[in-house]
Amino acid sequence: MDSQIASVSDLRVKSPSLRCFTPAKAAIAAPICGALPEKAAHALAVLLPILGCGEEAAGLAFYDLANGEDAEAANVLRRVAAEEQVHDGLIQALAAGLPAPPDQNRLRTMSRRFHLELGRGDSAIRLARIAALDSAVCLLLSRLLRPGTPLARDVALAPVLRRIARDEARHVRITRELVISRMSETSLKIVGTMVRERLGALLVEASDAFETLSFDPHWLQTDIARLPAALYHA
């Protein structure tokens, strides 16, 4: 599996229907195929374009943010951007091994609008938003990969998603370290709370897919939509 993951490190896109912000190109890596039950496979096919939209947006945002930083911070942000692009490729490879998702124009439009709004404002505000979002992605993946869930049992898909989760946890640490010296904790919490609430509302639109993957949709409001109290604590 490690070699399979490494083989998609330059993958950017699989199909035009999965791209949110950049023109589609031909895929250059093989699909990653799991063995999910049919309903679970269809559910994951619904969720991956949403996650892919976030990874694509994050890669673009980190590259853009790097342009306004000193050399050390810029190098860190560019490395994070490169990892986000790898995640984007991994998600496209996963999607290529799943059934075609249903028409999700409304959900994809909502996701694109959500991520576009994350890119507004100065660098501190943008980093604060990204930290809030990435911490939610970590929680989301940890719940989807709980022991006994369909994804946790899949020996092909689970390692890919766990790699993304590990990287995102590191990205949270990086962004919060960059931002806590630039804004007050109170201001950061205001920014982060808005992001988490809006993300929870967005993901509720796909609650049936979450439930099929043994993720209680109630968690979208009780956990995903709530900002961790210590996220911005120095």
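This report describes the helices, cavities, cysteines and two serines of a predicted model.

## Overall fold

The protein chain of this predicted model contains 9 helices and 0 strands, and its elements follow the pattern α-α-α-α-α-α-α-α-α when read along the sequence. The chain has 234 residues, of which buried residues make up 51%.

## Helix H5

Helix H5 takes in residues 123-144, and its 22 residues should span 32 Å at 1.5 Å a residue; the C-alpha atoms at its two ends lie 31 Å apart, which agrees with that expectation. The helix is mostly covered, with 18 of its 22 residues buried.

The N-terminal end of H5 is capped by Asp122, which places a side-chain oxygen 3.2 Å from the backbone nitrogen of Ala124.

## The largest cavity

A search of the whole structure finds 2 cavities of 30 Å³ or more, and the largest cavity holds about 280 Å³ of space. Its lining is made up of 23 residues, and those closest to the centre of the cavity are Ile50, Leu51, Val137, Leu140 and Leu203. By residue class, the lining of the largest cavity divides into 16 nonpolar, 3 polar and 4 charged residues.

Several helices contribute to this lining, since at least two residues each are supplied by helix H2 (38-66), helix H4 (105-118), H5, helix H6 (157-179) and helix H7 (185-204). The largest share, 8 residues, comes from H2. H5 therefore appears in two parts of this picture, as a helix whose 22 residues should span 32 Å and as one of the suppliers of the lining of the largest cavity.

## The second largest cavity

The second largest cavity has a volume of about 30 Å³, and the residues that line it are Pro49, Ile50, Gln104, Leu107, Arg108 and Ser111. Ile50 is thus named in the lining of the second largest cavity and also among the residues closest to the centre of the largest cavity.

H2 and H4 each supply at least two residues of the lining of the second largest cavity, and the largest share here, 3 residues, comes from H4, whereas in the largest cavity the largest share comes from H2. The lining of the second largest cavity divides into 3 nonpolar, 2 polar and 1 charged.

## Cysteines

A disulfide is a covalent bond between the sulfur atoms of two cysteines. The structure holds 0 disulfides. Cys33 counts as partly exposed because its relative accessibility is 48%, below the cut-off of over 50% for an exposed residue. Cys138, by contrast, has a relative accessible area of 17% and is therefore buried, as the cut-off for a buried residue is under 20%.

## Two partly exposed serines

Ser187 is found in helix H7, and its relative accessibility of 31% makes it count as partly exposed. The C-alpha atom of Ser187 is separated by 9.5 Å from that of Ala128, although the two residues are 59 residues apart along the chain.

Ser214 is found in the loop between helix H8 (207-212) and helix H9 (219-224). Its phi is near 65°, a positive value in a residue other than glycine, and with a relative accessible area of 32% Ser214 is partly exposed.

Notes:
Residues numbered from 1 in each chain as written. Predicted model: local features only at pLDDT ≥ 70, side-chain atom pairs only at ≥ 80, totals over all residues. Heavy atoms only, no water. Helix = DSSP H or I, 4+ residues; strand = E, 2+ residues; numbered from the N terminus. Expected span 1.5 Å × (residues − 1). Buried < 20%, exposed > 50% of the residue type's maximum accessible area, 1.4 Å probe, protein only. Polar contact = N/O pair within 3.5 Å; in protein donor to acceptor, adjacent residues only side chain to side chain. Disulfide = S-S within 2.5 Å. 1 Å grid on protein atoms, 1.4 Å probe; cavity = no way out; pocket = protein on both sides within 12 Å on 5 of 7 lines; lining within 4 Å. Points joined across faces, edges and corners; volume = space filled by probe spheres on them. Nonpolar A, V, L, I, M, F, W, Y, C, P; charged D, E, K, R; others polar.
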